[in-house]
Structure formats: structure tokens, C-alpha cells
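Biologist: Please show the sequence and the structure, and let us then discuss the model in questions and answers.

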Amino acid sequence: MAVISGLVAGWLCWMAEGSVPGGVLAGLGVVGLAVPFFNCLIASEAAGEVHGRG
């Protein structure tokens, strides 16, 4: 999911400004933010913790 998020963000940035380096940097930035988020999400589900469900 993190890689897909990075690819989509990079592609959207590239389409908006037409700059490949800008798209690559945006994609890498999104991947860098998404990996810890998804790791934490998966770890909490594996431990049986459920947050935000009433």
C-alpha cells in the first residue's frame, strides 16, 4: 500500500507540473511517510487491538 501511495503521488505530481524529479521526490516522500503508518496499523491489528470502532 505504501508503494502504491507513493506511485500515485509521484504520478499526480508529475502530471501537474511535468517535472520527473519533482514527481520522484514527492513519491519518495509519500512512501517515507506511509511505511511507518502501515507498519503500525498492521502491528496493532496483529496484536488484536481495535481502535475507533464502537
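Modeller: In α2, the buried residues are Gly 22, Gly 23, Gly 27, Ala 34 and Ser 44. Buried denotes under 20% relative accessible area, exposed over 50%, and partly exposed in between, with a 1.4 Å probe and protein chains only. This is a predicted model, in which local features need pLDDT of at least 70, side-chain atom pairs count only at pLDDT 80 or more, and totals for chains, interfaces and linings use all residues. Residues are numbered from 1 along each chain as its sequence is written, and side-chain values use heavy atoms, with hydrogens and water left out.

Biologist: How many helices and strands does the secondary structure of the protein hold?

Modeller: Helices (H or I, at least four residues) and strands (E, at least two) are DSSP runs, numbered from the N terminus. On that basis, the protein has two helices and zero strands.

Biologist: Where does α2 bend, and by about how many degrees?

Modeller: The bend at a residue is the angle between axes fitted to the seven residues ending there and the seven starting there. A proline, Pro 36, follows the bend of α2 within four residues. The bend lies at Ala 34 and comes to about 25 degrees.

Biologist: What span should α2 have, and how far apart are its end C-alpha atoms?

Modeller: The expected span is 1.5 Å times one less than the number of residues. For the 27 residues of α2 this gives 39 Å, which agrees with the distance between the end C-alpha atoms, 38 Å.

Biologist: Which helix supplies the largest share of the nonpolar patch?

Modeller: The patch, with about 1,200 Å² of accessible area together, includes Ile 4, Val 8, Trp 11 and Leu 28. Both α1 (2-17) and α2 (20-46) supply at least two of its residues. Six residues, the largest share, come from α1.

Biologist: Is Ile 4, in helix α1, buried or exposed?

Modeller: Ile 4 has a relative accessibility of 52%. It therefore counts as exposed.

Biologist: What is the geometry of the pair formed by the rings of Phe 37 and Phe 38?

Modeller: Rings of Phe, Tyr and Trp (its six-membered ring) pair if their centres lie within 6.5 Å; planes under 30 degrees apart count as stacked, over 60 as edge-to-face and the rest as tilted. The structure holds one aromatic pair. The centres of Phe 37 and Phe 38 are 5.2 Å apart and the planes lie at 70 degrees, so the pair is edge-to-face.

Notes: Patches are made of residues with over 30% relative accessible area and no salt bridge: like charges are joined within 9 Å, nonpolar side chains (Val, Leu, Ile, Met, Phe, Trp, Tyr) within 5 Å. Accessible areas come from the Shrake-Rupley method with a 1.4 Å probe; for residues, only the protein chains shown count as cover. A salt bridge is a side-chain nitrogen of Lys or Arg within 4 Å of a carboxyl oxygen of Asp or Glu.
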